[in-house]
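I opened this notebook to record, step by step, what I looked up. The entries follow in the order in which I made them.

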2 protein chains.
Amino acid sequence: MSFLENIRRVEPYVPGEQPRDSGVIKLNTNENPYPPSPAAAKALGAFSADSLRLYPDPAASSLVDAIAQRYGLAPGEVFVGVGSDDVLALLFLTFFNSGKPVLFPDITYSFYDVWAELFRIPYEQIPLDESFGIIPEDYFRENGGIVFPNPNAPTGKLLPLESVRRIVEGSPDSIVIIDEAYIDFGGESALPLIHEYDNVIVVQTFSKSRSAAGLRLGYAMSNASLIRYLNDVKYSFNSYTMNRLTIEAGAALIRDEEYFQSTIRRIIRTRQETTASLRDLGFIVPESAANFVFASHPSASGEELFTYLKSKKIYVRWWNKPRIRNYLRITIGTDEEMGILLEALKEYLRRSL
Amino acid sequence: MSFLENIRRVEPYVPGEQPRDSGVIKLNTNENPYPPSPAAAKALGAFSADSLRLYPDPAASSLVDAIAQRYGLAPGEVFVGVGSDDVLALLFLTFFNSGKPVLFPDITYSFYDVWAELFRIPYEQIPLDESFGIIPEDYFRENGGIVFPNPNAPTGKLLPLESVRRIVEGSPDSIVIIDEAYIDFGGESALPLIHEYDNVIVVQTFSKSRSAAGLRLGYAMSNASLIRYLNDVKYSFNSYTMNRLTIEAGAALIRDEEYFQSTIRRIIRTRQETTASLRDLGFIVPESAANFVFASHPSASGEELFTYLKSKKIYVRWWNKPRIRNYLRITIGTDEEMGILLEALKEYLRRSL
């Protein structure tokens, strides 16, 4: 019997391409087109490289405190990780151990089934309705936990808080994780539910609305009891996950509320204009509450459009998967970038129709 | 049935204290007393905070390439993680899935049993001999993998390369992980074995010899096939683990060979002097090949000495565990710090004997 038989073999998540070519218009991984608040540069400028010789604070307290303060929480209600993917992976490992299937939508963040496979957690994918909506009643069944993004990805569709509440109330004996990576772009957060119910965990990230995907910083918010269990697992995996630079820059970023709000306003405005322009070109575009739109054209396949745009050095995201094969997920860039995208699509449709 | 019953409950690893009080002499977590190479400050000074808006390269290629080049390896033979703890956790998850017990010493890095418990991997702790030596023959038994540090922690004892080779040859059907966090302080690395055997993985870190514990950067080196399996698991856990700052600073650090060598020479010299001085005071000090010494005194208990030193604001590490209860693990600091430590110990022994 060889060690080859004991390897955990998995089909990993495939992130969007990170082209090194700087001439590319990069609308494929939902990054923010605007730089992070100048507070980050200031914090990094004040950083003493000599301090790197020492381990960071394993609890990342100054960062946790700053996040807690921003949301009016106690520090014990906040957990930080290396991006929200790290946080979600640890949440799956900590809380989804019942043997019953974990539930999430069939069209959703494509990392959920990867984590379930990695940790050998059974799962069921609940179909969205025909307009890509989550139906709370569909989650009223025996389960080992529930997780969904709100707004959903890659559709951008927002679930109203009352529907989120119904899902939570339908499974009082399960942990319900609401993955709010995109909530700042116009949705209502489920954060108040963490004090109303004992089984709710809200996850957010610095990667989208705070323009810091390159910093790797995500966080979970819940009652102190669940956060403690999560921390126990984290401290059983890696004591020091947040490096000194991330702690400093992250705390500075979350304190700059004004910059954060103004960036979001710009992106929402561009999203509204882009949605309208795409619809003018004949695209079907569900209303998005995220920093991307999900668009399909009746007379051009998703693959064709994806390939064409790539040839023009415009990167968007496309999945060769049932139900969404004809859709592109397009990150909201700057107004200029969206103008170039729309021109390219116009040109393509003119030539091919 | 409540969600409370499905929580993964673990007894986490407890890292050494990270006191915030700057007046402390910190000899408790094996940090390097010297700052990292000035190359780190230079790389961070040149870093554009605006680039944080973009995800990092998920493969951290520039960092992986720099490490590969330093060791004469192909990039596909190197894996990077958030400190060697992250790397080791992922190695346990990837390779230790046989149902047979994983073997490691009874006195060793106290995270091994924590990872085994976390991932529900059976394990057996193999007693060190009376002088804290690893006996290769003791590992000649059915197992689901082997892991040990070399030099061992907290003893500092080095296992000669020929003995490491015997352990590897004794278990050709298991993965053997050699945790070389401290190898640069005078040991012979098992790195050549990764090309001689198909089951060997060597793990190293930037936290000790490269003075960058606060950066969180560790790496595994093995054949490309095992590194590929490890990467599959990593990409199933978190696509982007290394942030942009760590990639830049890490690549700069590993290229400054001269600074690295000179720092190590200083620490080895201080270790030799400290060992001699401790022995002059009556301490039993096994020969260390690490950046710490393990010391016991026939007329003072480990706990007494630990408590006394702490009252003097000198932090060392002590474990209330069988066999090592009377030992202190003392990190090698600057000559000045070791002078203060030795004076304090001298004073204590004078008063109490």
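Before comparing the copies I noted that they are superposed by least squares on the C-alpha atoms of residues with pLDDT of at least 70 in both. With that in hand, I found that a rotation of 180 degrees with 0.0 Å of shift along its axis brings chain A onto chain B, at an RMSD of 0.0 Å. The two copies are thus related as by a two-fold rotation axis.

I reminded myself that this is a predicted model, in which local features need pLDDT of at least 70 and side-chain atom pairs count only at pLDDT 80 or more, while totals for chains, interfaces and linings use all residues. Residues are numbered from 1 along each chain as its sequence is written, and chains are lettered from A and ligands numbered from 1 in the order in which they are written.

Next I looked at where the chains meet, taking two residues as in contact if their C-beta atoms, placed from the backbone, lie within 7 Å. The contact takes 68 residues from chain A and 68 residues from chain B. I also saw that 100% of the interface residues of chain A are interface residues in chain B too, so the copies meet through the same surface.

Turning to chain A by itself, I looked up how much of the chain is buried, which for a residue requires 20 or more other C-beta atoms within 10 Å of its own, these atoms being placed from the backbone. Buried residues make up 56% of the 353 residues in chain A. Among contacts in chain A between residues at least 6 apart in sequence, I noted that 72% join residues at least 24 apart. Lastly, the C-alpha atoms of chain A fill a box of roughly 60 × 50 × 50 Å, taken along the principal axes.

How values were computed:
Buried ≥ 20, exposed ≤ 12 C-beta atoms within 10 Å, placed from the backbone.
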